Amino acid sequence: MKTKVSLVKCAEYETSKVYDAVRRAVDLAGGMPAFVKSGEKILIKPNLLSAREPERAITTHPEVVRAVIRLLKEIGATPYMGDSPGGAIKGVERVWERTGMKKLSEEEGVELINFETSGAVETPINHSTIKSIHITKKIFDFDGIINVPKLKTHGLAIFTGAVKNLYGCVPGLRKAEYHKLAPHPDEFAELLSEIYLSLKHKIRLNVIDGIVGMEGNGPSSGDLRKLDMILASSDGPAMDTAITYILGHEPSEIDTIKFLRAKKAGETEIKNIEITGENPGSFNLEKFRFPANWYMKYVPHFFINLLGRFLWMKPKINEQTCVNCKLCVESCPVAAIDYPLVNSRKSANPVVENKICISCLCCHELCPYKAIELKSGWLARILIRQ
Ligand code: SF4
Ligand code: SF4
C-alpha cells in the first residue's frame, strides 16, 4: 500500500478557510482519531525560527496552528505548543509575542512550553562526527507530537519541511554547537536525519503551512512565495519527498531524504507515495527556487579543504541595516562575529571574521533585520553563475 500525503488548496490565512483546509488535509491523511486518542496530551511543534511577524513567512502561521489545536480539542485531546527558537538567547517571550503565538495561546487557552527551561536528555545517535545529541526533556512528557513546519528553503539543508523542523527540539545554543560539529551540508543533513530517527516514535502527524512559503535564500532572507497549499501526512519523510516533487525538484536532491532512504526510515520514493486531494498540476507552480548555494552538497570534503576559501558562501553584515542588536554576535558557534578595533576604537557594527567562520549560516538565519547578506567566493560564483 502506498503512503498517503494529502494536498489541499488554501489561498489565505483567514481562520475558517485555514481550518477547513487543515481539516480536509488531516481527514484525507486518515482523520485525527487515527493519530490521536481522546485524553492524550499532544505537543504541537511549529517552526518559530525567530521573533518575526507571521506575514514575513519565516515562522508557521498561527492560523495553521489554531486549526490543529481545534482539531485536537474536538476529539478530546489536550494540545500544547512549544519550540526552541534560534533567537531564544534574547528571551523566548519576545518570540512568542512577535510570531503571534502568545495571542493564539491566550485565545485558545493552550499552554506554551519553553524548551529552554526544561532541561535536556542526551540521546546516542549514529552520526559520522557526533556521538550523541541533547533533546529537550519536556518533549518526552507528551503522548505525541504534531509537527507543523513552514514550507521554506534553507541555506544549509536546502529545504526545511517536516524533518528539518525537528531541529527546534534541540534546546538553545546546543543547536549552534552541533552546527560547529557538522558544518558540511551532508554532515548537517545526516544530523537532521538522526534527530528525526530519535523522535520518530513520538510523531503522530505532520501538517505543513505552505500557504505562503519562502524560496531562494531562506530560511529568513528569501523571497515570499504564494503557494496556496497545506499538506498532511503521518510520515514526515514522505511529506518532504512529496513537497520536493510537487515543487518541481528531484527528491534525492535533498540530503535528508537521501540519508533517510538509506536508513529505510519513512517513505522517500515518490512512486510509493499517493498524493491525495488536489492534483499537484492544478497549482500551476513555476520551478521553485532553492538557495543559491545548493551546489555545496555536491562538493567533496577534500575539495572543500583544498579550495574552501574560494568556494564557501560567507555572511557579510550590512552596516546600513544592522541595528547592533548583537544577536548574531551572541549566537555564532565559533565566535566569528565581533567588534574589531579600527584606529584603536571598537567598530560601531559587528564584523564577520572570515578565517574563523565555518559558514553554518546561523547568523544569516537569525538576524531579525535582514542585515546579513551572503557573499560567495569566485569559485562559488562560477558554480552558481551569479
Ligand atoms: S547583523 Fe543583524 S543580528 Fe547582527 S547585530 Fe546587526 S541587526 Fe543584530
Ligand atoms: S559568522 Fe555566521 S555563518 Fe559564520 S560561523 Fe558564525 S554564525 Fe556561522
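User: Let's start with ligand 1. Which residues come nearest to ligand 1?

Analyst: To read a ligand site, look at who sits around the molecule. In this predicted model, 13 residues surround ligand 1, and those that come nearest are Cys322, Cys325, Leu327, Cys328 and Cys367.

User: And how does that shell divide by class?

Analyst: Sort the neighbours by side-chain type. Around ligand 1 you get 11 nonpolar residues, 1 polar and 1 charged.

User: Okay, zooming out: what domains does the chain have?

Analyst: The domain assignment gives you two stretches to find: domain 1 covers 3–283, and domain 2 covers 299–384. Their centres, taken over C-alpha atoms, are 27 Å apart. Where they touch, domain 1 puts in 20 residues and domain 2 puts in 18. On the domain 1 side of that contact, you'd find 7 nonpolar, 9 polar and 4 charged residues.

User: Now a helix. How do I read one?

Analyst: An α-helix has 3.6 residues a turn, so residues three or four places apart point the same way. Try H2, residues 62–74: its 13 residues reach 18 Å from first C-alpha to last, close to the 18 Å expected at 1.5 Å a residue.

User: Is H2 mostly covered or mostly open?

Analyst: Mostly covered, with 10 of its 13 residues buried. Among them are Val64, Val65, Val68, Ile69, Leu71 and Leu72, and also Glu63 and Arg66.

User: What do the buried residues of H2 pack against?

Analyst: Their partners include helices H1 (15–29) and H4 (101–108), plus strands S2 (41–46), S3 (78–83), S7 (144–148) and S10 (203–215).

User: Which residue just after H2 takes a positive phi?

Analyst: That's Gly76, with a phi of about 85 degrees.

Terms used:
Residues are numbered from 1 along each chain as its sequence is written. Chains are lettered from A and ligands numbered from 1 in the order in which they are written. This is a predicted model: local features need pLDDT of at least 70, side-chain atom pairs count only at pLDDT 80 or more; totals for chains, interfaces and linings use all residues. Domain bounds come from an automatic or database domain assignment. Two residues are in contact if their C-beta atoms, placed from the backbone, lie within 7 Å. Ala, Val, Leu, Ile, Met, Phe, Trp, Tyr, Cys and Pro count as nonpolar, Asp, Glu, Lys and Arg as charged, and the others, Gly among them, as polar. A residue is near a molecule or strand if its C-beta atom, placed from the backbone, lies within 6 Å of it. Helices (H or I, at least four residues) and strands (E, at least two) are DSSP runs, numbered from the N terminus. The expected span of a helix is 1.5 Å times one less than its number of residues. A residue is buried if 20 or more other C-beta atoms lie within 10 Å of its own, exposed if 12 or fewer, and partly exposed in between; C-beta atoms are placed from the backbone.
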